[in-house]
Amino acid sequence: MKKISIIGVPMDLGQTRRGVDMGPSAIRYAGVVERLERLNYEIEDLGDIQIGRAEREQDSPVHLKLRNLKAVAEANEKLAAIVDEVVQKGHFPLVLGGDHSIAIGTLAGVAKHYENLGVIWYDAHGDLNTAETSPSGNIHGMSLAVSLGFGHPALTMIGGYSPKVKPENIVIIGARSLDEGEKQLIKEKGIKVYTMHEVDRLGMTTVMEETIAYLKERTDGVHLSLDLDGLDPHDAPGVGTPVIGGLTYRESHLAMEMLAEAQIITSAEFVEVNPILDERNKTASTAVALMGSLFGEKLV
């Protein structure tokens with residue numbers, strides 16, 4: 001029997017809107033364990049990792065550029081160690097967020113087990129900012145840059161090594177809100193991006209076929225980092241940074257089903273579920289439904 005280890009990360013320090021720390025609870029409440037057990041997985045729920053407190057401004061000279069740096073770095077070190085253990089046991093790590101800064105720890109724990117880890121970044125945003133380019137200082141907008149080795153060493157060196165991924169092993173899907181510094185980094189590093197323009201033009205089937213073919217060729221494992229704000233706010237209202245004109249519920253299910261068929265995903269995280277901003281736990285329920293498709297649920 002295939003084994004999945006669930007790790008909750010109630011992190012809300014990578015950004016400023018309260019409530020996203022309740023994301024893991026909301027996802028569990030929406031029935032993630034039962035859903036995956038019905039698909040014949042053995043589920044080990046490791047509970048939630050402890051998150052430190054927010055720093056007072058005077059505690060941190062880099063506070064405004066890198067908000068809550070110390071607490072975010074510490075939590076991600078803990079997460080990296082747990083994910084590392086899960087992979088060593090041969091289980092599939094499924095991380096529940098929490099804001100997207102937790103991808104720093106997930107990738108640090110996973111990437112050491114692969115020569116060429118691929119990453120699918122399913123998100124409205126690139127999360128490719130650094131302290132220099134970030135308009136907000138929120139670390140959840142820097143997690144992919146950090147994983148590429150750009151940023152403060154307290155973040156880039158989590159797990160004791162850097163970088164975690166190579167730019168040519170990344171595919172961003174659903175982007176529709178990119179800062180100038182992020183656009184520059186994408187161009188410089190040749191990162192593959194399917195913006196909403198490409199998704200509309202090519203259709204999700206082609207986008208996923210191309211993504212799968214591209215990553216199969218060059219990687220030995222693929223991590224899925226799915227931010228619920230990648231979906232349109234109509235389908236996922238409970239997120240901190242909603243951007244209209246996003247991926248639909250149906251497109252997202254198709255994407256997950258195609259990944260399940262391709263059998264390339266070796267770890268995953270679902271992040272930015274904020275029940276305080278949600279409507280009747282709709283966003284967490286959407287996350288759980290998408291996990292169902294990713295892990296092989298079929299209609300017939």
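Reader: Which residues does Glu-115 touch, if I don't count residues up to four places away in sequence?
Author: Quick heads-up: this is a predicted model, where local features need pLDDT of at least 70, side-chain atom pairs count only at pLDDT 80 or more, and totals for chains, interfaces and linings use all residues. Residues are numbered from 1 along each chain as its sequence is written, and side-chain values use heavy atoms, with hydrogens and water left out. You'll find Glu-115 in the loop between helix 4 and strand 4 (these are DSSP runs numbered from the N terminus: helices are H or I with at least four residues, strands are E with at least two). Skipping residues up to four places away in sequence, its contacts (heavy atoms within 4.5 Å) are Lys-166 and Asp-220.

Reader: Is Glu-115 buried or exposed?
Author: Here the cut-offs help: buried means under 20% relative accessible area, exposed over 50%, and partly exposed in between, with a 1.4 Å probe and protein chains only. Glu-115 has a relative accessibility of 70%, so it counts as exposed.

Reader: And Ser-143, is that one buried or exposed?
Author: Ser-143 belongs to helix 5, residues 143-147. Not counting residues up to four places away in sequence, it touches several others, including His-100, Trp-121 and Asp-127. Its relative accessibility is 0%, so Ser-143 counts as buried.

Reader: OK, the sheet now. Which strands are its edge strands?
Author: Follow the order of the 8 strands in this open, parallel sheet: 2-1-3-8-7-4-5-6 (two strands pair if DSSP finds at least two bridges between them). An edge strand pairs on one side only, and that picks out strand 2 (41-48) and strand 6 (192-195).

Reader: How many bridges join strand 1 to strand 3?
Author: Strand 1 covers residues 2-9 and strand 3 covers residues 92-97, and the two run parallel. For one matched position, look at Ile-6, which stands opposite Leu-94 in strand 3. The number of bridges joining strand 1 to strand 3 is 6.

Reader: Which residue in strand 8 is the bridge partner of Leu-96?
Author: Strand 8 runs parallel to strand 3, joined to it by 3 bridges. Strand 8 also runs parallel to strand 7, with 6 bridges between them, and there Leu-226 has Phe-270 as its partner in strand 8. The partner of Leu-96 in strand 8 is Phe-270.

Reader: How many of the 7 residues in strand 8 are buried?
Author: Look at what packs around this part of the sheet. Helix 4 (103-111) lies across strands 3, 4, 7 and 8, while helix 11 (282-294) touches strands 3, 7 and 8. Strand 8 is mostly covered, and its count of buried residues is 6.

Reader: What angle does helix 11 make with strand 8?
Author: Angles run from 0 to 180 degrees between N-to-C directions, using lines fitted to C-alpha atoms, for helices over the stretch in contact. Helix 4 runs at about 160° to strand 4. For helix 11 and strand 8, the angle is about 175°.

Reader: How far does helix 3 reach from its first C-alpha to its last?
Author: Helix 3 spans residues 69-88, which makes 20 residues. The expected span is 1.5 Å times one less than the number of residues. That gives an expected 28 Å for helix 3, and the reach in the model is close to it, at 28 Å.

Reader: What do the buried residues of helix 3 pack against?
Author: The buried residues here include Leu-69, Val-72, Leu-79 and Val-87. Just after the helix, Gly-90 takes a positive phi of about 85°. The packing partners of those buried residues are strand 1, strand 2, strand 3, helix 4 and helix 6 (153-156).

Reader: Which residues form the aromatic cluster?
Author: Rings of Phe, Tyr and Trp (its six-membered ring) pair if their centres lie within 6.5 Å; planes under 30 degrees apart count as stacked, over 60 as edge-to-face and the rest as tilted. Tyr-41 and Phe-295 are edge-to-face, 5.4 Å centre to centre with 75° between the planes. Phe-92 and Phe-295 have centres 5.0 Å apart and planes at 75°, so they are edge-to-face too. The one cluster consists of Tyr-41, Phe-92 and Phe-295.

Reader: How far is the charged end of Arg-218 from the centre of the Tyr-214 ring?
Author: A charge sits over a ring if NZ of Lys or CZ of Arg is within 6 Å of the ring centre and within 35 degrees of the ring normal. Lys-164 does this over Tyr-161, at 4.7 Å from the ring centre. Arg-218 sits over the ring of Tyr-214 at 3.8 Å.
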